[in-house]
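Student: I would like to learn how to read helix packing and a ligand site from coordinates. Where do we begin?

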Amino acid sequence: MVLVICFVLLGLCMLTSLAFGSRMVGLHDVIDGLFHPAADSYEANVVRKRISRTVFSLLCGAALGVSGALMQAVTRNPIADPSILGVNTGASLFVVCGIAFLNISTANQYIWLALAGAAITALFVFGIGSLGRSGATPIKLVLAGAATSAALSSLVMAIMIPRSYVMDQFRFWQVGSVGSANWDNISTFTPFLLIGILVAIFSAPALNALALGDDVATGLGVRTGTLRLIAALGAVLLCGSATALAGPIGFVGLLSTHVMRLILGPDLRFVIPMSALSGAIILTVSDVLGRLIGSPGELEVGVVTAFIGAPILILLTMKLKVRSL
Amino acid sequence: MTQTHIFQAEEIVAGYDNKMVIQEVSLVIPSNKISVIIGANACGKSTLLKTLSRLTKPVSGNITLDGKLISKIPSKQLARVVGLLPQSPIVPEGISVADLVGRGRFPHQSLLSGWTKKDYEAVAEAMRIMNITELANHNIDELSGGQRQRVWIAMALAQQTDILFLDEPTTFLDITYQVEILDLLTDLNRKHGTTIVMVLHDINLSARYADYIFALRQGKLIVEGEPLKVITSTLVKDIFGLDCMVIKDPVSGSPFAIPKGRYHVNNEKAP
Ligand SMILES: Nc1ncnc2c1ncn2[C@@H]1O[C@H](COP(=O)(O)OP(=O)(O)O)[C@@H](O)[C@H]1O
Ligand SMILES: [Mg+2]
């Protein structure tokens, strides 16, 4: 039932994403653009250009949704999300360094840098967040993430501002945008997405056991250290590769998993795959909103998700104030 | 009926980073019986149970199941023989009774198999034994403490292990529910032959429900045996530092320790 609704929503998203923008086109043109290669109206061409953008935003949203679900399960912390934990900013810093110092300019190269940055930042933030007696509580992790994120952002600025050529290359990327995606980007990104999602789906039953505490999970035969490592790698793969291509987009992981948890309950065998769907929907809708609000130009999708996500994060943190790991 | 197993520990030393809590404990768990570990607060009961159930690695010594080191047995395979209910498991927000009990099936499922008929049957059976079948679709947050504890034990039962470790399964429960839980565990042992090893803090309930007692003091095993033989006023004085009188429990015939105190000593008022 939920699945059906999600797929209907997904279909609607795709349609609106193809139809809406700084130039609106009708359903008729969308169909022309998609199914009649001969149709050569201006509108049909606009639609064709929006196809890659739409596909990319769906995939990217799915990656961010699943990545958020994995991070929450690994840390047993309901407000974990690639952006809140600073992992996205870490990926950005590495990409900026690559652009500034190593003359890197293709998505293929971005991806490896972004993955390295994401992995190192994830380790760092969890390390700092678990210092002290009470372990990694939600509040400590968020603080560690925010502090790291702020520090890394200022580093990013420090590297960018003196180099105008970096600025140009980097500006579109920095806020998070799916607008410039092409089919090359999509084919670079897809293997990472698939591996990440497979890792997530196969580790869901073990993560369900981990949700009952490390002791119960061990008693059930889960090797908690190995599981955490694999699932965290999956999460970093997903959010690192998404960030490499789209720039840091915040809160999608948080929003998509919480919507699914509300509807489906805590069983990760359902929450993880459905977070891919809800993530895809949320990111695509945000992208469409960004195009509508920003018209005649457009507002980057990263700005839109931050506007929607920040208040939700505040609500969640208040609700979960004292719940610790 | 469950199989008979030889589960034993030889001279294990275990503890935490800065201090060793368990000092050279050797024991053999009586198969198909109920064993209870007793001892004063912080003497190492939980640590011993954690070590036996592989949550903490011993620094030295061996723990074996049917002659094999438990650290050498693949974790899922071991989890099909040895189950565990720790003292404070975590309840995920919004989880239903059936979902939680079902998570006990993890060691029986492979990466690709998903849920089989056996899994559903095991979960239904576990809920029936613990009398929670009607609660299946309830949210855990709606349940009373006693019901909650039955759900957790059902989760461990769904694991269908021959040996079950439980750390203080009755703490924080009213006496009625303590007796209820211990009766249900006894049912499990008598009907299915499950070997049960648990930590209990109430010495009299321990004496009543245990077939076998392990008494710890400061991380050392000082006495073991059947309750009738080992629960004496000397032992209680030894492990709890408490003067008491041990009589025969008129209901069960097991030893029953009645504490003395400065104000109540053999019917006389203390000075
Ligand atoms: N995670 C831990 N880290 C460090 N010390 C611990 C830990 N858990 C227990 N201890 C210490 O080990 C000793 C034995 O604890 P425990 O086995 O829990 O006792 P019991 O269950 O008999 O009350 C206590 O002194 C306790 O403070
Ligand atoms: Mg204890």
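Tutor: We begin with one contact in chain B. B:Ala122, B:Val123, B:Ala126 and B:Ile129 of α4(B) meet B:Ala154, B:Leu157 and B:Ala158 of α5(B). Keep in mind that this is a predicted model.

Student: How many residues of the contact of α4(B) with α5(B) are nonpolar, polar or charged?

Tutor: By class, there are 7 nonpolar, no polar and no charged residues in that contact.

Student: And how do I describe the geometry of such a pair?

Tutor: Two packed helices are described by the angle between their axes and by the distance between the axes. Here, helix α4 (residues 117-129) of chain B packs on helix α5 (residues 145-158) of chain B at about 140 degrees, with the axes 8 Å apart. That angle makes α4(B) oblique to α5(B). The crossing of α4(B) past α5(B) is right-handed.

Student: Now chain A. At what angle do α3(A) and α8(A) pack?

Tutor: The angle between helix α3 (residues 42-75) and helix α8 (residues 183-210) of chain A is about 25 degrees, and their axes are 9 Å apart. Angles under 35 degrees count as roughly parallel. The two helices, α3(A) and α8(A), are therefore roughly parallel to each other. As for handedness, α3(A) passes α8(A) in a left-handed crossing.

Student: Which residues make the contact?

Tutor: From α3(A), they include A:Ile51, A:Val55, A:Phe56, A:Leu59 and A:Cys60. From α8(A), they include A:Trp183, A:Ile186, A:Phe189, A:Leu193 and A:Ile197. The contact of α3(A) with α8(A) divides into 18 nonpolar, 3 polar and no charged residues.

Student: At what angle does α8(A) cross α12(A)?

Tutor: The axes of α8(A) and helix α12 (residues 268-294) of chain A cross at roughly 145 degrees and come within 8 Å. This crossing of α8(A) and α12(A) is right-handed. On the α8(A) side, the contact is made by A:Ala200, A:Ile201, A:Ala204, A:Pro205, A:Leu207 and A:Asn208. On the α12(A) side, A:Leu268, A:Arg269 and A:Ile272 take part. By class, the residues of this contact of α8(A) with α12(A) are 7 nonpolar, 1 polar and 1 charged.

Student: Next, the ligand. Which residues surround ligand 1?

Tutor: List the surroundings, then look at the polar atoms. Ligand 1 is surrounded by residues of chain B, among them B:Tyr16, B:Lys19, B:Val21, B:Ala42, B:Gly44, B:Lys45 and B:Thr47.

Student: Which polar distances should I note?

Tutor: Take three. An oxygen atom of ligand 1 lies 2.5 Å from a polar side-chain atom of B:Thr47. A polar backbone atom of B:Ala42 is 2.8 Å from an oxygen atom of ligand 1. A nitrogen atom of ligand 1 is 3.3 Å from an N or O atom in the B:Tyr16 side chain.

Student: Where does B:Ala42 sit in chain B?

Tutor: B:Ala42 lies in the loop between β3 (34-39) and α1 (45-52) of chain B. Check its backbone too. Phi of B:Ala42 is positive, near 65 degrees, and the residue is not a glycine.

Student: What is phi for B:Glu11?

Tutor: B:Glu11 is not a glycine either, and its phi is positive, about 45 degrees. B:Glu11 lies in strand β1 (residues 7-16) of chain B.

How values were computed: Residues numbered from 1 in each chain as written. Chains lettered and ligands numbered in written order. Predicted model: local features only at pLDDT ≥ 70, side-chain atom pairs only at ≥ 80, totals over all residues. Heavy atoms only, no water. Axes fitted to C-alpha atoms, helices over the stretch in contact; angles between N-to-C directions. Helix = DSSP H or I, 4+ residues; strand = E, 2+ residues; numbered from the N terminus. Parallel < 35°, antiparallel > 145°, perpendicular 65-115°, else oblique. Left-handed = near helix turned anticlockwise from the far one by under 90°. Contact = heavy atoms within 4.5 Å. Nonpolar A, V, L, I, M, F, W, Y, C, P; charged D, E, K, R; others polar. Near = heavy atom within 4 Å. Polar contact = N/O pair within 3.5 Å; in protein donor to acceptor, adjacent residues only side chain to side chain.
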